[in-house]
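This report describes a protein model, with attention to its sheet, its nonpolar cores and its aromatic pairs. The sequence and structure are shown first.

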Amino acid sequence: MEATTQAKVHRRSTKWQLVRRLFLLTIGAIVFAIGLKGFLVPNNIIDGGIVGISIIGSKLTDSTLALWLFFLNIPFIFFGYKQIGKTFALSTLYAIFIMAVATKLLEDIGPMTNVDLLATVFGGLILGIGVGIVIRASGSLDGTEILAVSFSRSTPFSVGEIVMFFNVFILGSAGFVFGWDRAMYSLITYFIAFKTIDVVIDGLDQSKSVWIISENYEEIGLAILDRLGRSMTYLNGEGAFSGDGKKVIFCVISRLEETKLKEIVRDFDEQAFIAIGNIHDVHGGRFKKKDIH
């Protein structure tokens, strides 16, 4: 009973964690606003989600973009509070407020480029960096993803499918407002931003999980430890067809070490089974490399 009670206790963030989160949320929101006002808006290029709706609404009504960005996101922050949690909702509210203020302050700056291709590419990159930083700080800058999480629980569609449906509709609407060439540029911007977010969240040196099944598991394990400096875990397995007991090597490596690991395994067993998957994040354990000789 005591253990159950302890497990339910919510551990508050430390002062340093709070400062770090606020710093990242601020930087990410400002970077996003720079991409928006410095590249996209002056060239009539939009992003997906609430940001895209805000740009279209601001253009049609000749009103302040910052107000659209802030007030259109408020209902979705409420959804986020109910569906995802208080910390996420407050972080999102703060990030969106900073984004709206920064957008207003940058209202009078001119475009950083009038070349459509440069605005599309660099606008998408900067937006993706900003969103990625905010997501790493447990926040969001767009309410459609929050709504998609809620809808996905009561519909057969995934979060990604719902977000894609929203964005196809929004980016398609841009064609009627700004022209179809603007809509196509907007689609490229959205794709670049989407891919950049992955890079910012996962990092360039993405980790990979590896499962290896071989009769020579001891030799392979020692070689991985010696030549890669990676520790590993031996798991007990059983062949479904033969029923024979097998040892499974499990380890985590960086993307750059994948080729070398395969070479090590093939040196000892050409028929070894190797399965490699991407990992978004690694914490704890002994993932840190040992010295290699």
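## Sheet, cores and aromatic pairs

In this predicted model, W211 stands opposite F250, a residue of strand β3. W211 belongs to strand β1 and F250 to strand β3, so that the pair links distant parts of the chain, 39 residues apart. Strands β1 (residues 207–213) and β3 (residues 245–254) run antiparallel and are joined by seven bridges.

The sheet that contains these strands is open and has four members, in the order β2-β3-β1-β4, with antiparallel pairing. The edges are taken by β2 (233–238) and β4 (273–279); each has a single partner strand, so one side of each is left without a neighbour in the sheet. On average, neighbouring strands of this sheet are turned by 25° against each other, direction ignored. Strands of a sheet pair through backbone hydrogen bonds, either parallel or antiparallel.

On the other side of β3 in the strand order β2-β3-β1-β4, six bridges join this strand to β2, and the two run antiparallel. G237 has K246 in β3 as its bridge partner. β2 and β3 form a hairpin with six residues between them. In the turn, G243 has a positive phi of about 80°.

The aromatic pairs of the model number six. Two of them are set out below.

| Pair | Distance of centres | Angle of planes | Class |
|---|---|---|---|
| F70 and F97 | 6.2 Å | 75° | edge-to-face |
| W211 and F250 | 5.3 Å | 50° | tilted |

The angle of 75° between the planes of F70 and F97 makes the pair edge-to-face, because planes over 60 degrees apart count as such. F70 lies in helix α4 and F97 in helix α5, so the pair ties together parts that are 27 residues apart in sequence. F70 counts as buried, at 19% relative accessibility, whereas F97 is partly exposed, with a relative accessible area of 44%. Ring pairs also bring in F71, linking F70, F71 and F97 into a cluster. In the sheet, W211 counts as partly exposed at 35% relative accessibility, and F250 is partly exposed with a relative accessible area of 24%.

The largest nonpolar core comprises 43 residues, and those with the most contacts inside it are F32, L36, I46, I55, M99 and L141. At least two residues of this core are supplied by each of α2, α3 (49–61), α4 (65–83), α5 (86–105), α6 (116–136), α8 (159–178) and α9 (180–202). Helix α2 gives the largest share, seven residues. Leaving aside neighbours within four places in sequence, F32 is in contact with D47, V51, M99, L127, G130, V131 and L141. A second, separate core has 13 residues, among them I253, L261, I264 and A272. In soluble globular proteins, nonpolar side chains tend to be buried together.

The confidence of the prediction completes the description. The mean pLDDT of the protein is 82, and 85% of its residues reach 70 or more. Among the elements, helix α2 (residues 15–40) has the highest mean pLDDT, 92, and helix α1 (residues 2–8) the lowest, 44. The pLDDT is below 50 over residues 1–10, a stretch that has zero contacts in the model beyond near neighbours in sequence.

Definitions and conventions: Residues are numbered from 1 along each chain as its sequence is written. Side-chain values use heavy atoms; hydrogens and water are left out. pLDDT is the predictor's confidence in each residue, from 0 to 100. Contact means heavy atoms within 4.5 Å. Two strands pair if DSSP finds at least two bridges between them. Axes are lines fitted to C-alpha atoms, for helices over the stretch in contact, and angles run from 0 to 180 degrees between N-to-C directions. A nonpolar core is a set of buried Ala, Val, Leu, Ile, Met, Phe, Trp, Tyr and Cys residues joined through side-chain atoms within 4.5 Å. Buried means under 20% relative accessible area, exposed over 50%, partly exposed in between (1.4 Å probe, protein chains only). Rings of Phe, Tyr and Trp (its six-membered ring) pair if their centres lie within 6.5 Å; planes under 30 degrees apart count as stacked, over 60 as edge-to-face and the rest as tilted.
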